[in-house]
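Work through the exercises below with the sequence and the 3D view side by side. Try each task before reading its solution.

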Amino acid sequence: MQSSSRSAAIFGILIALGLGTLGVLLKQAIIEYKLLDRSVTVKGLAENEYPADIVIWPIQFTAANNNLDELYKQLEAQSNQVVSFLAELNVAPKEVTLTAPTITDKLAQQYGGNQPIELRYTGSQTITVYSNDIEKVRAVMPKLTELGKMGIVFSQNNYDAQVEYIFSRLNDVKPKMIEESTTNARSVAKKFASDSQSRLGKIKKATQGQFSISNRDKNTPYIKQVRVVSTIEYYLAD
C-alpha cells in the first residue's frame with residue numbers, strides 16, 4: 001500500500017515536470033513565432049511616359065438633299081475625294097476603312113405641326129484611318145481643312161468622330177516597370193527598418209496592382225502615362 005502511494009506520488013511529479021517543460025517549450029515557440037511574424041507592408045510606385053503606337057482617326061462628314069438618290073451620289077463623291085486626298089498624303093489604302101452611310105428622313109421624324117422642311121434627307125459618312133504611324137497621321141489632320149474649303153462639311157465635334165490614341169506595348173514594358181516598383185518598395189522598407197532599428201528580411205507576401213494607362217494631359221493624348229503600384233510585405237528582424 002505504501003509502495004503504491006509512493007509510485008503514485010512519483011508519477012504525479014513526473015506529469016507535473018512534463019507539463020511544466022511543455023509549457024516552457026510552447027511559450028518559447030510562441031515567442032519565436034511572434035518574432036518571426038514581425039513585418040512591414042510597403043507600396044512601390046512605377047510611373048513612366050510612352051508614346052502611343054496606334055491612332056484611330058474617324059473622319060465624319062455630312063450632306064443634305066431633297067432627293068435620296070442624289071444624296072447617296074453626293075456622299076459617294078465626297079468619300080472618293082477624302083480617300084484620294086489621304087492617298088496623296090501617303091496614307092495607305094490598307095489604313096483606310098469606309099462604313100455605310102447613315103441616312104435620316106426629317107419628314108419621317110417630324111411630330112406634329114406643318115413646319116416646312118428645306119432639305120428632307122440628311123446623311124453622314126465615316127472614313128476611319130487606323131495607323132501605326134502617329135506622326136504621319138497627325139501631320140495630315142490639320143490639312144483636312146482644304147477639303148472643307150471645297151464644300152465638304154466635317155463633324156469635328158461629334159463624339160463618334162473623336163481621335164483615339166492607343167498604347168498597345170504594355171507587355172513589353174511590364175517587366176521593367178514591375179522591377180522598378182519592387183525596387184522602390186524595398187527602398188521604403190529599408191528606411192522603415194533602419195528607423196525602427198530592425199533588419200529587413202525576405203519578402204513575406206507581394207501583390208501587384210493593375211496597370212493603368214492614361215493620357216499625359218488633354219493636349220497630348222498621343223503621350224501615355226503608364227502606372228503600376230506593387231504592395232510588398234517584408235519580414236523584420238532585430
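**Exercise 1. Find what share of the protein's residues is buried, then describe the protein as a whole.**

Step 1. Buried residues make up 29% of the 238 residues in the protein. Buried means under 20% relative accessible area, exposed means over 50%, and partly exposed lies in between (1.4 Å probe, protein chains only).

Step 2. Note what kind of model this is. It is a predicted model, where local features need pLDDT of at least 70, side-chain atom pairs count only at pLDDT 80 or more, and totals for chains, interfaces and linings use all residues. Residues are numbered from 1 along each chain as its sequence is written, and side-chain values use heavy atoms, with hydrogens and water left out.

Step 3. Turn to the surface. The protein exposes about 15,800 Å². Carbon and sulfur atoms supply 54% of that area. Accessible areas come from the Shrake-Rupley method with a 1.4 Å probe, and for residues only the protein chains shown count as cover.

Step 4. List the secondary structure. There are six helices and 10 strands. Helices (H or I, at least four residues) and strands (E, at least two) are DSSP runs, numbered from the N terminus.

Step 5. Look at the contacts. A contact means heavy atoms within 4.5 Å. Take the contacts with a separation of 6 or more: residues 24 or more positions apart account for 79% of them.

**Exercise 2. Find the strands that pair with β2, and give a bridge partner in β7, β5 and β6.**

Step 1. Locate β2. It covers residues 54–65. Nine of its 12 residues are buried, and the strand is mostly covered.

Step 2. Apply the pairing rule. Two strands pair if DSSP finds at least two bridges between them.

Step 3. Start with β7, residues 164–166. Three bridges join this strand to β2, and the two run antiparallel. I54 has I166 as its bridge partner.

Step 4. Go on to β5, residues 121–131. β5 and β2 are antiparallel, with 11 bridges. Here P58 faces T128.

Step 5. Finish with β6, residues 153–154. Two bridges link β6 and β2, again in the antiparallel sense. T62 stands opposite V153.

**Exercise 3. Describe α2: its span, its buried side and its two ends.**

Step 1. Check the span. α2 has 21 residues and reaches 31 Å from its first C-alpha to its last. That is close to the 30 Å expected at 1.5 Å a residue. The expected span is 1.5 Å times one less than the number of residues.

Step 2. Pick out the buried residues. In α2 they are L71, L75, Q78, S79, V82, F85 and L86. Seen down the axis of α2, these buried residues fall within an arc of 130°, so they line one face of the helix. The arc is that of the directions from the helix axis to the C-beta atoms.

Step 3. Turn to the face away from the buried side. It carries the exposed residues E76 and E88.

Step 4. Zoom in on Q78, in helix α2. Q78 counts as buried because its relative accessibility is 8%. Leaving out residues up to four places away in sequence, Q78 touches F61, T62, A63, G151 and I152.

Step 5. Inspect the ends. At the start of α2, a side-chain oxygen of N67 reaches to within 3.0 Å of the backbone nitrogen of D69. Just after α2, N90 takes a positive phi of about 70°.

**Exercise 4. Place N90 and Q197, and decide whether each is buried or exposed.**

Step 1. N90 sits in the loop between α2 (68–88) and β3 (96–98). With a relative accessible area of 61%, N90 is exposed.

Step 2. Q197 lies in the loop between α6 (170–195) and β8 (199–208). Its phi is near 55°, a positive value in a residue other than glycine. Q197 is exposed, at 72% relative accessibility.

**Exercise 5. Find how β1, β8 and β9 pair with β10.**

Step 1. β1 (residues 39–51) and β10 (residues 223–237) are antiparallel, over 13 bridges. T41 stands opposite E233.

Step 2. Seven bridges join β8 to β10, also antiparallel. Q208 has S230 as its bridge partner.

Step 3. β9 (residues 212–215) runs antiparallel to β10, with four bridges. S214 faces Q225.

Notes: A polar contact is a pair of N or O atoms within 3.5 Å; within protein, one must be able to donate a hydrogen and the other to accept it, and residues adjacent in sequence count only if both atoms are side-chain atoms.
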